[in-house]
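Colleague: I have a new model open on my screen and would like some help reading it. Could we go through a few features together?

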Amino acid sequence: MVLDGSYAFLGGPQFSLNGGGEQPVGRLARGPDGSFYGVTAGYGAGDADYGEISTPPTIFRIKPGPGGGFTTLHRFADTQAQGGYLFGPSDGLVRGADGHYYGTTIGEIFRITADGTYSILHHFDPAGSEGFGGAALTLGRDGRLYGVTGGGAFGIFPNSLGGVIRVEADGQVTVLHRFTGAEGRALAIGNLLQARDGNFYGVTCCGGAAGAGSLFRITPAGDYTVLYAFPADQGGPKSPLVQGQDGDLYGSTQGYIDSEGEERAAGTVFRITAAGEVHTLHAFSVARGEDGIYPGGLVAGADGRIYGVARGGGRAGGGAVFRVDRDGRYEALYAFDGAHGAGPAASLLEVGGKLYGSTAGGGAHGAGTLFKLDPGMVTVKLAALATTVHAAPDAKAILAWTAARASACVAGGDWAGNRPASGVAAVPTPAIGTRVYTLTCTGLNESTTAHATVNVVP
């Protein structure tokens with residue numbers, strides 16, 4: 001695996017507008033010019049006098065390659081005055097339908113433009129019932145933003161257990177659902193996923209039937225359903241859900257420590273089907289620490305696998321990047337050694353088969369890194385130009401495909417033979433019924449299979 005530690009955060013009290021920040025958190029957002037936008041948590045956030053110590057939280061932009069570089073767009077010099085309630089952003093940004101970037105702190109929803117113009121769109125009222133911010137927002141297909149709020153923590157926002165919100169372009173907030181203790185409650189631990197069915201899916205960290213949180217579905221109109229209550233012996237969910245190419249949802253749990261302070265689990269990666277069946281794909285263990293421990297930061301790869309990070313353990317002790325398939329085949333891809341970062345926790349971003357992410361510590365200055373990892377991902381796309389074909393002696397299905405990083409491709413199912421890395425083929429389909437076509441392409445270290453279906457009708 002090839003890792004490029006493309007930027008090491010400077011950290012420390014000597015903050016500069018073109019080189020600083022400390023402890024990057026949250027998933028990166030990618031702009032149309034290839035730039036990445038993100039946030040740092042800073043150091044000392046949460047101390048009443050933190051403004052006098054160490055590094056404040058920031059919003060940054062980094063453009064890889066020649067002519068690029070790192071730019072601090074905004075720094076939260078006084079988070080309390082800016083609605084942060086002594087906390088800066090704790091999760092990443094999302095690019096809105098208008099091309100601007102949106103995020104949250106404990107006390108606000110904000111917008112920042114690509115050139116650094118910062119605006120507060122909404123203040124969360126500590127005495128209100130909306131809850132508090134902190135989780136990344138999600139851009140819905142309707143162009144509006146959706147998110148999860150937290151409640152019942154930090155000694156503030158006592159009148160809410162959190163909920164699900166919708167945010168208009170002008171900052172108007174509508175609470176779609178308020179959590180109850182029986183359903184779980186949120187500490188704003190992750191953004192929502194809008195799945196292919198149009199509904200939003202998310203997790204709560206606490207409460208629920210077993211006290212370990214729950215997995216839920218909510219429609220854009222606010223119809224809310226608990227799909228799964230996490231058992232206490234797994235620990236609660238740790239990161240947002242992702243949807244795989246198979247349509248199932250994938251997530252992770254954080255493990256737990258028993259009442260005597262003994263660690264009983266180090267987290268899991270799980271898959272949940274549309275029918276609500278939950279399958280543990282990989283269980284992490286301190287005794288097997290070379291796999292990594294405390295997983296999260298999942299992303300669905302273009303090769304059909306799920307990629308993620310483990311914030312601790314690994315062969316070098318600084319955490320790991322891993323992948324796992326739907327059947328539980330697990331592989332640790334990269335081990336952080338401190339020099340190139342340590343403690344990855346934010347969700348990965350996949351672009352063109354490469355993974356982008358951050359570590360909260362390590363690097364040249366000990367203040368975290370941004371990294372790019374090339375896992376050698378083999379990607380395959382197979383599509384039928386028409387999914388319905390009328391039966392006839394000369395009827396044919398037209399299939400088109402492309403594969404990247406593949407040395408060989410083999411057709412299967414209702415067609416056969418070796419195929420080039422890209423092409424179009426007319427495949428005879430004389431009989432009525434459903435035809436399933438597969439294409440398996442193999443690269444240096446892995447193979448990936450894509451599927452296409454054609455219905456042959458009278």
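Modeller: Happy to. Let's start with strand pairing: two strands pair if DSSP finds at least two bridges between them. Helices (H or I, at least four residues) and strands (E, at least two) are DSSP runs, numbered from the N terminus. This is a predicted model, in which local features need pLDDT of at least 70 and side-chain atom pairs count only at pLDDT 80 or more, while totals for chains, interfaces and linings use all residues. Residues are numbered from 1 along each chain as its sequence is written, and side-chain values use heavy atoms, leaving out hydrogens and water.

Colleague: Then how many bridges join strand β19 to strand β22?

Modeller: Strands of a sheet pair through backbone hydrogen bonds, either parallel or antiparallel. Here β19 (residues 249–253) and β22 (residues 268–272) run antiparallel and are joined by five bridges. Tyr 250, for instance, has Arg 271 in β22 as its bridge partner. Both strands belong to an open four-stranded sheet with the order β18-β19-β22-β23. Its edge strands, β18 (242–243) and β23 (278–283), each pair on one side only.

Colleague: And is strand β25 largely enclosed or open?

Modeller: For that we need relative accessible area: under 20% is buried, over 50% is exposed, and in between is partly exposed (1.4 Å probe, protein chains only). Six of the seven residues of β25 (residues 306–312) are buried, so this strand is largely enclosed by the rest of the structure. β25 pairs with β24 (residues 293–300) in the antiparallel sense over five bridges, and with β26 (residues 320–324), again antiparallel, over five bridges. Val 309 in β25 is the bridge partner of Gly 296, while Gly 308 has Phe 322 in β26. In the hairpin of β24 and β25, five residues lie between the strands, and Gly 304 takes a positive phi near 90 degrees.

Colleague: Which parts does the salt bridge of Arg 326 and Asp 248 tie together?

Modeller: Side chains of opposite charge can pair when their charged atoms come close. The rule used here asks for a side-chain nitrogen of Lys or Arg within 4 Å of a carboxyl oxygen of Asp or Glu. Arg 326 and Asp 248 meet at 3.3 Å, N to O. Arg 326 lies in the loop between β26 and β27 (330–335) and Asp 248 in the loop between β18 and β19, so the pair ties together parts 78 residues apart in sequence. Arg 326 is partly exposed at 33% relative accessibility, whereas Asp 248 is buried at 10%. Elsewhere, salt bridges that share partners join Asp 142, Arg 144, Arg 166 and Glu 168 into one network. A search of the whole structure finds 11 salt bridges.

Colleague: What about aromatic rings: how many pairs are there?

Modeller: A pair of aromatic rings is described by the distance of the centres and the angle of the planes. Rings of Phe, Tyr and Trp (its six-membered ring) pair if their centres lie within 6.5 Å; planes under 30 degrees apart count as stacked, over 60 as edge-to-face and the rest as tilted. By this rule there are 19 aromatic pairs. One of them, Phe 179 with Tyr 224, is edge-to-face, at 6.0 Å centre to centre and 65 degrees between the planes. Phe 179 sits in the loop between β13 (173–178) and β14 (193–194) and Tyr 224 in β17 (residues 224–229), so this pair ties together parts 45 residues apart in sequence. Both residues, Phe 179 and Tyr 224, are buried.
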